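Reader: Could you take me through the ligand site in some detail? I'd like to hear about the space itself and what surrounds it.

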Amino acid sequence: MDISILTRAVLAGTALLVAAVPTSAAEPGRLLASQCAQCHGTNGAGPGFEEIAGKDLFNDLIDMKYRPIEGIMDRQARGYTDEQLRLIADYLSTLPGNGDD
Ligand code: HEC
């Protein structure tokens, strides 16, 4: 077999594999934020507790993480690295929300 044909076939296969992998930049944040849906509703827009979609919550989440534990969110925020909180906040800020607080 002509080696260049084999090489091309391998390259084509590699290209197909790369194309099959989802490449959404929001993916890590979406996965991390899926946990929030239990209490804040699917896509952070209820029904549930306060709406968390459509705003940048990074500073709020950092406050929650480092202040003394007062409530449930202070415990939730401690479950993530600062970088993960950034990913969660960035992802949630891209969601439409419904205009509620
Ligand atoms: C076990 C339930 C629960 C989970 C899971 C949860 N939350 Fe909360 N969250 C609450 C409750 C209850 C409140 C309101 C009372 C309070 O702050 O303690 C709240 C409030 C908040 C607030 C304050 C909103 C405001 O307008 O004051 C933010 C921001 C928030 N949550 C973000 C998140 C994010 C981001 C996640 C996922 C990483 C998350 N929550 C997961 C229960 C939860």
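Author: Let's start with the space: the ligand takes up the largest pocket, in the sense that more than half of its atoms lie within 2 Å of the pocket's grid points. A pocket here is an open set of points on a 1 Å grid over the protein atoms alone, where a 1.4 Å probe fits and protein lies on both sides within 12 Å along at least five of seven lines; lining residues have an atom within 4 Å of a point. This is a predicted model, so local features need pLDDT of at least 70 and side-chain atom pairs pLDDT 80 or more, while totals for chains, interfaces and linings use all residues. Numbering runs from 1 along each chain as its sequence is written, and side-chain values use heavy atoms, without hydrogens or water.

The pocket's volume is about 470 Å³, counted as the space filled by probe spheres set on the points, which are joined across faces, edges and corners. Its lining has 22 residues, with His-40, Ile-52, Leu-61, Met-64 and Met-73 nearest the centre.

Now the ligand's own shell: 16 residues surround it, and Cys-36, Cys-39, His-40, Glu-50 and Met-73 come nearest; being near takes a heavy atom within 4 Å. His-40 also has a side-chain N or O atom 2.8 Å from a nitrogen of the ligand, and a polar contact is a pair of N or O atoms within 3.5 Å.

As for helices, α3 (37–40), α4 (58–66), α5 (72–77) and α6 (82–93) each give the shell at least two residues, and α5 has the largest share, three. Helices are DSSP runs (H or I, at least four residues), numbered from the N terminus.

Definitions and conventions:
Polar contact = N/O pair within 3.5 Å; in protein donor to acceptor, adjacent residues only side chain to side chain.
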